[in-house]
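Work through the exercises below with the model open. Each one has a task and a stepwise solution.

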Amino acid sequence: CLIFYVISFELGLGPIPWLMMAEITPSSHRAMIVSVATFFNWACNLMIAQFANDIIPYAKFFPFAAVCIVGYICTRLFVPETKGKTETQIQQELLGIHINESNKNDSRH
């Protein structure tokens, strides 16, 4: 069962932190953000490795399934689509700045 969890996680939520670090972090702060996110990712992996044997006999894989479900929901709700967007467009979307298409083509900008 643990092998099934690891395979499922790595095919599902596992790559999300690595993709998010590369896609949505501004270049000016990328080094610090990548460092913190990498630490947090490996700390979570360590917690799973340390506590899996204690949790599995009592709760089976329900806590892990719950984390995966919450992660999926948060990803769908809060992670922006970055396909075909520039870094500037992604940052503006994260900051809540919406550029009107008619203003984008305006020569006064």
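**Exercise 1.** Classify the residues that line the largest pocket of this predicted model as nonpolar, polar or charged.

*Solution.*
- Step 1. Sort the lining by class: 17 residues are nonpolar and five are polar.
- Step 2. Look for charge: no charged residue is found in this lining.

**Exercise 2.** Describe the space and the surroundings of the largest pocket.

*Solution.*
- Step 1. Take the volume: the largest pocket holds about 620 Å³ of space. Its lining has 22 residues, and the closest to the centre are Phe 9, Phe 40, Asn 41, Cys 44 and Val 67.
- Step 2. Assign the lining to helices: H1 (2–11), H2 (16–24), H3 (30–59) and H4 (62–78) each supply at least two residues.
- Step 3. Find the main contributor: H3 gives the most, with ten residues.

**Exercise 3.** Repeat the analysis for the second largest pocket.

*Solution.*
- Step 1. The volume is about 240 Å³.
- Step 2. List lining residues: among them are Ile 16, Leu 19, Met 20, Thr 75 and Pro 80.
- Step 3. H2 gives the most to this lining, with five residues.
- Step 4. By class, six residues are nonpolar, two are polar and two are charged.

**Exercise 4.** Which residues form a nonpolar patch on the surface, and is Ile 73 buried, partly exposed or exposed?

*Solution.*
- Step 1. The patch consists of Ile 69, Tyr 72, Ile 73, Leu 77 and Phe 78. Together they have about 590 Å² of accessible area.
- Step 2. Place Ile 73: this residue is in helix H4.
- Step 3. Apply the cut-offs: buried is under 20% relative accessible area, and exposed is over 50%. Ile 73 has 43%, so Ile 73 is partly exposed.

Note on methods
Residues are numbered from 1 along each chain as its sequence is written. This is a predicted model: local features need pLDDT of at least 70, side-chain atom pairs count only at pLDDT 80 or more; totals for chains, interfaces and linings use all residues. Side-chain values use heavy atoms; hydrogens and water are left out. On a 1 Å grid over the protein atoms alone, a cavity is a set of points where a 1.4 Å probe fits but cannot get out, and a pocket is an open set with protein on both sides within 12 Å along at least five of seven lines; lining residues have an atom within 4 Å of a point. Grid points are joined across faces, edges and corners, and a volume is the space filled by probe spheres set on the points. Helices (H or I, at least four residues) and strands (E, at least two) are DSSP runs, numbered from the N terminus. Ala, Val, Leu, Ile, Met, Phe, Trp, Tyr, Cys and Pro count as nonpolar, Asp, Glu, Lys and Arg as charged, and the others, Gly among them, as polar. Patches are made of residues with over 30% relative accessible area and no salt bridge: like charges are joined within 9 Å, nonpolar side chains (Val, Leu, Ile, Met, Phe, Trp, Tyr) within 5 Å. Accessible areas come from the Shrake-Rupley method with a 1.4 Å probe; for residues, only the protein chains shown count as cover. A salt bridge is a side-chain nitrogen of Lys or Arg within 4 Å of a carboxyl oxygen of Asp or Glu. Buried means under 20% relative accessible area, exposed over 50%, partly exposed in between (1.4 Å probe, protein chains only).
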